[in-house]
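The following text walks through one protein chain, from its overall layout to individual side chains. Please keep the sequence and the structure in view while reading.

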Amino acid sequence: MDRVFSDIDSNSCDVFTHTDDEESRNSVCTEQSQKKRRRSRARCETPVHAVKKNRRLKANDRERNRMHNLNDALDALRGVLPAFPDETKLTKIETLRFAHNYIWALSETIRIQLS
């Protein structure tokens with residue numbers, strides 16, 4: 001006489017079977033744990049997530065370094081451009097435009113003096 005009682009749920013390994021056969025109880029628990037293991041393996045791709053996270057962290061670090069280098073270069077460019085005393089720090093685009101115009105004005109001055 002085999003009766004199965006479960007006080008949690010049907011997927012639980014806590015199944016109380018009333019049989020004389022110890023093997024049947026272990027096989028029920030083993031089958032359910034194998035099903036759980038298969039399901040969890042399919043959903044949880046830990047190595048893939050770790051690789052993706054590592055790649056993202058490295059890409060973020062490269063981008064951060066790139067931006068620091070760009071900002072350092074712009075600061076150096078601001079240092080050689082003529083500035084007015086009351087002027088606030090130029091933005092990136094303002095710095096580039098001002099440098100372009102300043103180079104153009106210097107080249108025009110040289111061209112006029114040579115002619």
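**A walk through the chain**

This is a predicted model, and its average pLDDT over the chain is 78, with 61% of the residues scoring at least 70. Along residues 12-17 the pLDDT falls below 50, and this stretch has 18 contacts in the model beyond near neighbours in sequence.

The chain contains 3 helices and 2 strands. Read from the N terminus, the order of the elements is β-β-α-α-α. The chain has 115 residues, of which 10% count as buried. About 10200 Å² of the chain is exposed, and 57% of that area comes from carbon and sulfur atoms. Taking the contacts between residues at least 6 apart in sequence, 6% join residues that are at least 24 apart.

Helix α2 covers residues 46-80. This helix has 35 residues and spans 51 Å from its first C-alpha to its last, close to the 51 Å expected at 1.5 Å a residue. Which residues of α2 are buried? They are Ala59, Leu74 and Arg78. These buried residues pack against α3.

Helix α3 runs over residues 92-114, and Thr95 is placed within it. Is Thr95 buried or exposed? Its relative accessible area is 0%, so Thr95 counts as buried, given that buried means under 20%. Apart from neighbours within four places in sequence, Thr95 is in contact with Leu74, Leu77, Arg78, Leu81 and Leu90. Two of these partners, Leu74 and Arg78, are themselves listed among the buried residues of α2.

Val80 also belongs to helix α2. Its relative accessibility is 62%, and Val80 therefore counts as exposed, the cut-off for exposed being over 50%. From Val80 to Ala99 there are 19 residues in sequence, while the C-alpha to C-alpha distance between the two is 9.2 Å.

The next topic is charged side chains. Side chains of opposite charge can pair when their charged atoms come close. How many salt bridges does a search of the whole structure find? The search finds 4, and three examples are described here.

One of them joins the side chains of Asp61 and Arg64, at 3.3 Å from N to O. Both residues lie in helix α2, 3 residues apart, which is about one turn of the helix. An α-helix has 3.6 residues a turn, so residues three or four places apart point the same way. Asp61 has a relative accessibility of 37% and therefore counts as partly exposed. Arg64 is also partly exposed, because its relative accessible area is 44%, which lies between the limits of 20% and 50%.

Another salt bridge links the side chains of Arg66 and Glu63, with an N to O distance of 2.9 Å. Arg66 and Glu63 are separated by about one helical turn, because they are 3 residues apart in helix α2. Arg66, at 45% relative accessibility, counts as partly exposed. Glu63 is at 39% relative accessibility and so is partly exposed.

A further salt bridge is found in helix α3, where Glu108 and Arg111 lie 3 residues apart, about one turn of the helix. Their side chains meet at 2.7 Å, N to O. With a relative accessibility of 49%, Arg111 counts as partly exposed, since a residue has to be over 50% to count as exposed.

Aromatic rings come last. A pair of aromatic rings is described by the distance of the centres and the angle of the planes. A search of the whole structure finds 1 aromatic pair. Phe98 and Tyr102 form this pair, which is stacked, with 6.4 Å from centre to centre and 10° between the planes. Why are Phe98 and Tyr102 separated by about one helical turn? The reason is that they are 4 residues apart in helix α3. Phe98 counts as partly exposed because its relative accessibility is 30%. Tyr102 is likewise at 30% relative accessibility, and so Tyr102 counts as partly exposed.

Helix α3 thus brings together several of the features described: it holds the buried Thr95, the Glu108 and Arg111 pair, and the rings of Phe98 and Tyr102.

Definitions and conventions:
Residues are numbered from 1 along each chain as its sequence is written. This is a predicted model: local features need pLDDT of at least 70, side-chain atom pairs count only at pLDDT 80 or more; totals for chains, interfaces and linings use all residues. Side-chain values use heavy atoms; hydrogens and water are left out. Buried means under 20% relative accessible area, exposed over 50%, partly exposed in between (1.4 Å probe, protein chains only). Contact means heavy atoms within 4.5 Å. pLDDT is the predictor's confidence in each residue, from 0 to 100. Accessible areas come from the Shrake-Rupley method with a 1.4 Å probe; for residues, only the protein chains shown count as cover. The expected span of a helix is 1.5 Å times one less than its number of residues. Rings of Phe, Tyr and Trp (its six-membered ring) pair if their centres lie within 6.5 Å; planes under 30 degrees apart count as stacked, over 60 as edge-to-face and the rest as tilted.
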